[in-house]
Amino acid sequence: MTHFISSVEFIFGLYCLLLLAVYVMLFRMSSLSIRRNLRQRGSRRIQTLLESEIAPGVSIVAPAYNESVTIVNNVRSLMTLFYPRYEVVIVNDGSKDDTLPKLIKEFDLVAVDFLVDYLVPCKEIKGIYKSRDISHKHLTVVDKINGGSKADAVNAGINVAAFPYILNTDVDCVLANDTLVYLMEAVLDAKERVIAVGATLRMSNSSYVDSGMLVEAALPKPILARFQEMEYIRSYLLGKMGWNYLNCIPNVSGGLGLFDKEILIAAGGYDPKSLGEDMEMVTRMCMKMCDNNEKYEVKYIPQTLCWTEGPDSLKMLTRQRIRWARGLMQIMRTHRKAFFNPSYKRFGLVVFPYNAIFEFFAPIMEILGIFFYIYLILTNGINWQMAILLLVFVYMFSVFLTSFSILLDNYVYKYYKRRQDIVRLCLTAFLEPFIYHPIIVYSSIKGYIQELFGKKHAWGEMKRKGTLTPLSPNGAKK
Amino acid sequence: MWDKKKRILVVEDNEILLGIMQFVLSREGYDLLLAKSGKEALSLVSDESIDLIITDLALPFANGFEIIDRIRKSNTNNQVPVIIISGYRDDNSIVEGFEVGANDYIKKPISPSELISRVRLRIGHA
Amino acid sequence: MLSTLGYIIHDIRAFFEGNGWPVFVIVALVLSVFFWTACLIGIAFFYYRDYRYRRAYSRIYPALRDFIYEYILVENRTSHFPVDKLGLDLDNKLVSKVVRHILHDFIFTIGGEKGQSMRHLFNELGFDKESQYEIRHSATNIVTTVRSLANLALMKVSIQDTILDRLQKSPQAEIRVAASKYLLQVEGEQAFDKVFDGLYGISQLHALDIFQTVVQGNYYGDYAFSQWLEVSKSFAVNSLFMDLMVYYQELNEAQLWTLITADKESKTALKAINSLGKLLAKDSEERLQALYTEESSLAAKLEILKALGRVGQGKSIDFLNGLFMDANLPLSLRKHAYRSLVAQKPYSSALLRKIEEQVDGEERKLVRSINHPMVHYI
């Protein structure tokens, strides 16, 4: 029996040590990669691309479902991004409200003859609308039959898009004016072909947004949204930027991602059946590049370019996280052949195993750990001194990591104009392990169980209710 | 009134350029209205009488193309001359600017004396 | 082998089963607390730095602005500015940084003669000496070197040949590009050979930057950019020359075809085909058509079709019509075949009329979609 216990202890100890090592590595790599980014940024003017006559074109694809209340302002805000060559493709995914009539009225749209080339699968496109206003000639509205998922709607947009790069976003995301410039700079300033780029996302919950345009960023007041903001900052600046250093980014979130259209199509487009369609897409794109024996990069930049409305109720939050957990599990299952598969190079040897061992297994290990603790307590086999010491350390380490990502965030740019916001954010780090983290672990486990027993996910319903975020900052600390 | 000063609406979100244009044009004797976003500009256009509009293209809330397009399609004051000042140097932007109904297109950086003569060409001296 | 592994595991276990764990955890805990404190200090420092910058900015900006308005815009001075009146302590790093940022904003906003005066003011404030010093002494700091080179270019101040030479050979692409841009801005056309000869290891963004510098330098001439095209060079470099060729309409079919035949599937070849089109290489019509039949990738075929639309003098009409009518081909190919037919008016006018009368079903939709005035570049 003692042998069994020490073996279990050993496994847990090893796991924690490995995890610790990963975080220490991320700590170092994220600083390096952010410094590199700022150095490159500092050695050029933002106007270079803005004033360029040969800047590559970008198609912004944004699906909308029952967004009648905000659609006009949101489209308008997408139409005023600063970039010399881009178009906006809004996909009305069979809305049941007056999303489409509103767009038609506001932008003076008419149906045009358009033969859609179905390069990636999607539900039937009923009509393509263009504006009679010359000033809106870069706007295309796609009206399609509801496909029940964001993936299907984005695919429809890809089939209509004209430019070689696709910016995938949600209509309810508020983008910074310079979004396209920053993302395209990242694409063009690389050694290898860049197949996807992402940037930091934050919560728009308490920020001052006027007519779909961000006027001033602020820390969310509701505690749940504030936890999410903190989680996003950590996940992007520490996680994504850290992996960026090794060119090992596992996911570009669905809230804001710029993709190489050719590879997107070659990989088959988004999978409407996936619950984590953004990560699944990037996974397939990476594998496609490896299959073709082509070198590639997936990149992240530390600047915040997108503000999204985070779920503000416990119910919504758990539902979102259950979906992410199920999505992750689906990916682990469908693409398991990549696991430690040398022919997928760094993707097969680093990205995928990391995701499987640390992203996917972390909540499971955590729950098992708690059970093990309880077992030890019940059998009086616990060394209390040691246990408390460990807990204090883990707690302090998590507070440190969070504070460090806040530091990195401030290094990149000072997003909060008010000083008390940053103080509050730093204090939130102390509460997170007690309040927010258990919710996330609970949701993940619930998601795994649902996925295992094949419960049908209430995808459609959830997304429809409104302004929620179908995006997943993967690499979030579990 | 025949001796009323000519009035120019300047739409620009860059403080420095806005300041320079304000300084240069008011020295020439023009009366100025300033707007920092497309929204402000559109509300000013509908409320005030204006002799000339100078606008940037990359603007928050409504870009320069849209401002011009809306003015040209409105019922009042739709003939007002418009000069675009923009950092976009590509042919598409320039062509589109004239398509929506701009009368002139100046690429940044601007020369103040050139700006004044182009303004005079449209509406004469103040 | 296995036994050594066993020993290692045994040792690790022995360590952790003994006093290892507590020691390890306490050290890690102390470190965490230490680093956490450092983070808080760091955050406070960033806030303080930002506060200081904004305070300095709000103090300096009005003074500098009024100075510029008064002497440059009103008095029309072009040099010999009474900079002492500003009372700025430019030896102070923060002040000098703020002044530099403000002046940059003005320089990039005001052009023409007044822009020249702005640059002189920049120079007279002593930024030439600062920048000269920086490029000598901070060769490892990319941001400083690049910025100083850009400043010297704005002021059109000359740099010692040896230093410039060293910068042009820097291992950092950013510095090499900055040196090239400096040369192009200061020496213009004379620098073409020197700059283009030493171009390597640059990204597409750098290429775009250099393109922009050449184009905005008001050069109008017949320099042969095509002489620098080479199969062995990277896509970014070759693509820069092709962009310049297109901008200045320098047609060199032989060089472009060398790129195409070297590696038909490469990005460089695709761009070369595209450039043939944009340069209206009339003599390449038949050769492009021949290339289409031996070409395999869809991307290359699309580029060929687009180019045929631009260069076509009627010789490829039947070929394009054949592709358009072939229902087995991917839709994108048929679409571009038809578009290129449309582009080949008047040679294709009769055929187009016939097509419009005859086609139905999907073809009809395709034709209408392409001819629709509101569907742009799709």
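Visitor: How many residues of chain A are in contact with chain C, and how many of chain C with chain A?
Guide: That would be 45 residues of chain A and 47 of chain C. They're called contacts because their C-beta atoms, placed from the backbone, lie within 7 Å of each other. Bear in mind that this is a predicted model: local features need pLDDT of at least 70, side-chain atom pairs count only at pLDDT 80 or more, and totals for chains, interfaces and linings use all residues. As for labels, residues are numbered from 1 along each chain as its sequence is written, while chains are lettered from A and ligands numbered from 1 in the order in which they are written.

Visitor: Which elements give two or more residues to the side of chain A that touches chain C?
Guide: They are α1 (2–42), α2 (47–50), α6 (179–188), α13 (384–412) and α14 (419–452) of chain A. The top contributor is α13(A), with 15 residues. Helices here are DSSP runs of H or I with at least four residues, strands are runs of E with at least two, and both are numbered from the N terminus.

Visitor: How do the residues on that side of chain A divide into nonpolar, polar and charged?
Guide: There are 24 nonpolar, eight polar and 13 charged residues. Nonpolar covers Ala, Val, Leu, Ile, Met, Phe, Trp, Tyr, Cys and Pro; charged covers Asp, Glu, Lys and Arg; the others, Gly among them, are polar.

Visitor: And what does the contact between chains A and B take from each?
Guide: It takes 16 residues from chain A and 19 from chain B. On the chain A side, α2 and α3 are the elements that give two or more residues, and that side divides into six nonpolar, five polar and five charged.

Visitor: How do you know where chain A is predicted with low confidence?
Guide: Look at pLDDT, the predictor's confidence in each residue, from 0 to 100. Chain A averages 89, and 95% of its residues score at least 70. Over residues 459–478 of chain A, though, pLDDT stays under 50, and the model has 60 contacts beyond four places in sequence for that stretch.

Visitor: Why is strand β8 of chain A called largely enclosed?
Guide: Ten of the eleven residues of β8 (193–203) are buried, so the rest of the structure largely encloses this strand. The yardstick is the number of other C-beta atoms within 10 Å of a residue's own: 20 or more is buried, 12 or fewer is exposed, in between is partly exposed, with C-beta atoms placed from the backbone.

Visitor: What makes β8(A) and β12(A) a pair?
Guide: Strands pair if DSSP finds at least two bridges between them. β8(A) and β12 (296–308) of chain A have ten, in the parallel sense, with R193(A) bridging to Y296(A). β8(A) also pairs with β11 (256–260) of chain A, antiparallel over three bridges, where A196(A) stands opposite F259(A).

Visitor: Why are the buried residues of helix α4 in chain A said to line one face?
Guide: The buried ones are T99(A), L100(A), L103(A) and F107(A), in a helix that runs over residues 99–107. Down the axis of α4(A), they fall within an arc of 95°, so they line one face; the arc is that of the directions from the helix axis to the C-beta atoms. An α-helix has 3.6 residues a turn, so residues three or four places apart point the same way. On the other side of α4(A), P101(A) and K105(A) are exposed. Just after α4(A) comes D108(A), with a positive phi of about 55°.

Visitor: Is S211(A) buried or partly exposed?
Guide: Its 18 C-beta neighbours inside 10 Å make S211(A) partly exposed. S211(A) isn't a glycine, yet its phi is positive, about 45°. By contrast, F61(B) has 22 other C-beta atoms within 10 Å, so it's buried; its phi is near 75°.

Visitor: What makes the bond from K108(B) to P109(B) stand out?
Guide: That peptide bond is cis, with omega about -5°, and P109(B) is found in the loop between β5 (104–107) and α5 (112–123) of chain B. K345(C) to P346(C) is also cis, with omega near 0°.

Visitor: How does the radius of gyration of chain C sit against a compact globule of 378 residues?
Guide: Chain C has 31 Å, while the globule would be near 21 Å. The radius is taken over C-alpha atoms, and the globule rule is 2.2 Å times the number of residues to the power 0.38. The C-alpha trace of chain C spans about 85 × 80 × 45 Å along its principal axes, and chain C has 17 helices and zero strands.

Conventions
Two residues are in contact if their C-beta atoms, placed from the backbone, lie within 7 Å.
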